[in-house]
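Please open the structure in a viewer and keep the sequence panel visible. The tour proceeds by selections, each followed by a description of what is found there.

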Amino acid sequence: MQNQHAETQFAKDYVAEVYDLVIKRNPNEQEFHQAVKEVFDSLIPVLAANPKYREHGILERIVEPERVISFQVPWIDDHGTVQVNRGFRVQFNGALGPYKGGLRFHPSVNASIIKFLGFEQIFKNSLTGQPIGGGKGGSDFDPKGKSDKEIMRFTQSFMSELSKYIGPDVDVPAGDIGVGAREIGYMFGQYKKIRRAYEAGVLTGKGLNYGGSLARKEATGYGTIYFVEEMLRDAGLGFKGSTVVVSGSGNVSIYAIEKAYQLGAKVVACSDSSGYIYDEQGINLETVKRLKEIEGKRISDYVIDHPHAQYYPGCSGIWSIPCDIALPCATQNEIDEIAANLLVSNGVIAVGEGANMPSTLQAINIFHENKVLFGPAKAVNAGGVAVSALEMAQNSMRLSWTFEEVDTKLQEIMKEIYRNSINAAHEYNAPGNLVVGANIAGFTKVADAMIAQGVI
Ligand code: NAP
């Protein structure tokens, strides 16, 4: 007993020491600090039971990206004016395979955001069971309101520099906020031209006619629902007959809504960065798809077609709508303490993080204290990167699986992630705590691979 106490103290000291180092080395990078803290707090039991991780300096090494690339992205807008954005690629950890992670184009992008996303990606990718390391990238470029030609000129300039650092066996970017099939297509074209080689596996999320995978577009949203379904099943519940609120109306949100409907739920609200809609009868997904995927309009336009629905400006109000299941699928820190308390007081049963780090640490504590089933992002939204890895596999074999084949593999992967996370939580004395379980299950595989590969 005394021994166990000493080991736990030893692990706590180790975590505190390295966390201090992270703060000192990366001042003003709040999002990165938050992501590290969430993982570190979970690891204490595993570090206490395995002193080898400290002996091999695993925490010190895992919080330091193997490479951070920051570069200038000059381009010319439609008025002939020169614009300059900043590009990033963080190659965080390559213990399990080529770096893998999306590119985000959004004005909020900075080193802290890319590092938090890249750090999370290490553990998420490990959880998928696929041979991929962790990375992330992007730019502070704002795609909103840009013409197609401007998007093309920007993405080509971005890839002119990025192409020096990526490759099918080196680093394989994909999409994220602001980067969809169109942007991936332009970047792939530019990469191909520069490298004078058709290396399909260098990017994922490609169009279906040039190496993309069926079900990649749906993967993150569908995977989110498959994971939450497992959480609910373990509690003797299901989607059927439940009321669901989904934030965002982008790629993850749309396909989470689609699958939730297929499983018999009613989705009553969704949003964009300007506001949210509430449709008591259930959101009409065809309208949302047309507005967002085809016409590039705002979610406020939904009420033109469905005048019985209501539109409210501002994003946070969406969490005041009573629901059984809440799926934050827009962006980081969208559920704070206030939103979490609102959800709890309205009787929420389950929360599944489709977006990356959408709940603050305080919000997560509130869900845990109130016995809300809580699925953390790195497990819940891992379906996207898992199918990206399946796209890489299809590219190297030069064949294409059917939608059903990919979807079946996705379902198996999501079930496995759930099982591994719940088992790890149980093994380390935190039964039902999927934050702890996912962090430990993701971490141990990477840490053991780092030890096996030596200090390099
Ligand atoms: P997306 O297609 O660009 O959609 C993002 C959605 O979130 C849009 O509706 C956007 O509204 C909204 N949004 C963006 N910033 C916001 C803010 N500050 N406040 C409120 N809403 C905001 O991106 P996505 O691919 O669906 O990604 C959504 C989240 O999932 C991100 O956290 C991403 O990292 C995560 N994720 C994505 C994937 C993937 O495969 N795509 C995989 C894993 C995780 P506007 O249209 O107004 O900007």
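Select glutamine 34 first. In this predicted model, glutamine 34 counts as buried, because its relative accessibility is 15% and the cut-off for burial is under 20%. The residue is placed in helix α2. Next, add leucine 361 to the selection: 327 residues separate glutamine 34 from leucine 361 in sequence, yet their C-alpha atoms are 7.6 Å apart in space. Which residues are in contact with glutamine 34, leaving aside its neighbours within four places in sequence? They are Asn333, Met357, Ser359, Thr360 and Leu361.

**The loop before α2**

Move to asparagine 28, in the loop that lies between α1 (2-25) and α2 (30-49). Is asparagine 28 buried or exposed? Asparagine 28 is exposed, since its relative accessible area is 65% and the cut-off for exposure is over 50%. Its backbone also deserves attention: phi is positive, about 65°, although the residue is not a glycine. Most residues other than glycine have a negative phi.

**A second positive phi**

Select lysine 371, which lies in the loop between α13 (361-369) and β12 (373-375). Here too the residue is not a glycine and phi is positive, near 60°. With a relative accessibility of 72%, lysine 371 counts as exposed.

**Helices α6 and α7**

Two packed helices are described by the angle between their axes and the distance between the axes. Select residues 148-162, which form helix α6, together with residues 181-195, which form helix α7. Their axes come within 9 Å and cross at roughly 45°. This angle makes α6 oblique to α7. The crossing of the two helices is right-handed.

Now display the side chains where these helices meet. On the α6 side, the contact is made by Asp148, Ile151, Met152, Thr155, Gln156, Phe158, Met159 and Ser160. On the α7 side, the contributors are Arg182, Glu183, Tyr186, Met187, Gln190, Tyr191 and Ile194. Coloured by class, the contact of α6 with α7 shows eight nonpolar, four polar and three charged residues.

**Helices α8 and α9**

Hide the previous pair and select α8 (216-234) with α9 (residues 251-262). The axes of α8 and α9 come within 7 Å and cross at roughly 50°. That angle makes α8 oblique to α9. The crossing of α8 past α9 is right-handed.

From α8, the residues making the contact are Lys217, Glu218, Thr220, Gly221, Tyr222, Thr224, Ile225 and Tyr226. From α9, they are Asn251, Val252, Tyr255, Ala256, Glu258, Lys259, Ala260 and Gln262. By class, the contact of α8 with α9 has seven nonpolar, five polar and four charged residues.

**A covered helix: α9**

Keep α9 selected on its own. Helix α9 has 12 residues and reaches 17 Å from its first C-alpha to its last, close to the 16 Å expected at 1.5 Å a residue. How many of its 12 residues are buried? Nine are, and the helix is mostly covered. The buried residues are Val252, Ser253, Ile254, Tyr255, Ala256, Ile257, Glu258, Lys259 and Ala260. To see what they pack against, display α8, β6 (243-246), β7 (266-271) and α10 (285-294). Just after α9, select glycine 264, where phi is positive at about 95°.

**Helix α16**

Select residues 403-427, which form helix α16. Its 25 residues should span 36 Å at 1.5 Å a residue, and the end C-alpha atoms are indeed 36 Å apart, so the two values agree.

Which residues of α16 are buried? They are Val406, Asp407, Leu410, Ile413, Met414, Ile417, Tyr418, Ser421, Ile422, Ala424 and Ala425. An α-helix has 3.6 residues a turn, so residues three or four places apart point the same way. What covers the buried residues of α16 includes α5 (111-127), α8, α14 (377-380), α15 (383-397) and α17 (434-453). Following α16, asparagine 429 has a positive phi, near 70°.

**The segment after α17**

For the final stop, select isoleucine 456, in the segment after α17. Isoleucine 456 counts as exposed, with a relative accessibility of 85%. Add arginine 195 to the selection: the two residues are 261 apart along the chain, and their C-alpha atoms are separated by 28 Å.

Technical notes. Residues are numbered from 1 along each chain as its sequence is written. This is a predicted model: local features need pLDDT of at least 70, side-chain atom pairs count only at pLDDT 80 or more; totals for chains, interfaces and linings use all residues. Side-chain values use heavy atoms; hydrogens and water are left out. Axes are lines fitted to C-alpha atoms, for helices over the stretch in contact, and angles run from 0 to 180 degrees between N-to-C directions. Helices (H or I, at least four residues) and strands (E, at least two) are DSSP runs, numbered from the N terminus. Angles under 35 degrees count as roughly parallel, over 145 as roughly antiparallel, 65 to 115 as roughly perpendicular and the rest as oblique. A crossing is left-handed if the near helix is turned anticlockwise from the far one by less than a right angle, and right-handed if clockwise. Contact means heavy atoms within 4.5 Å. Ala, Val, Leu, Ile, Met, Phe, Trp, Tyr, Cys and Pro count as nonpolar, Asp, Glu, Lys and Arg as charged, and the others, Gly among them, as polar. The expected span of a helix is 1.5 Å times one less than its number of residues. Buried means under 20% relative accessible area, exposed over 50%, partly exposed in between (1.4 Å probe, protein chains only).
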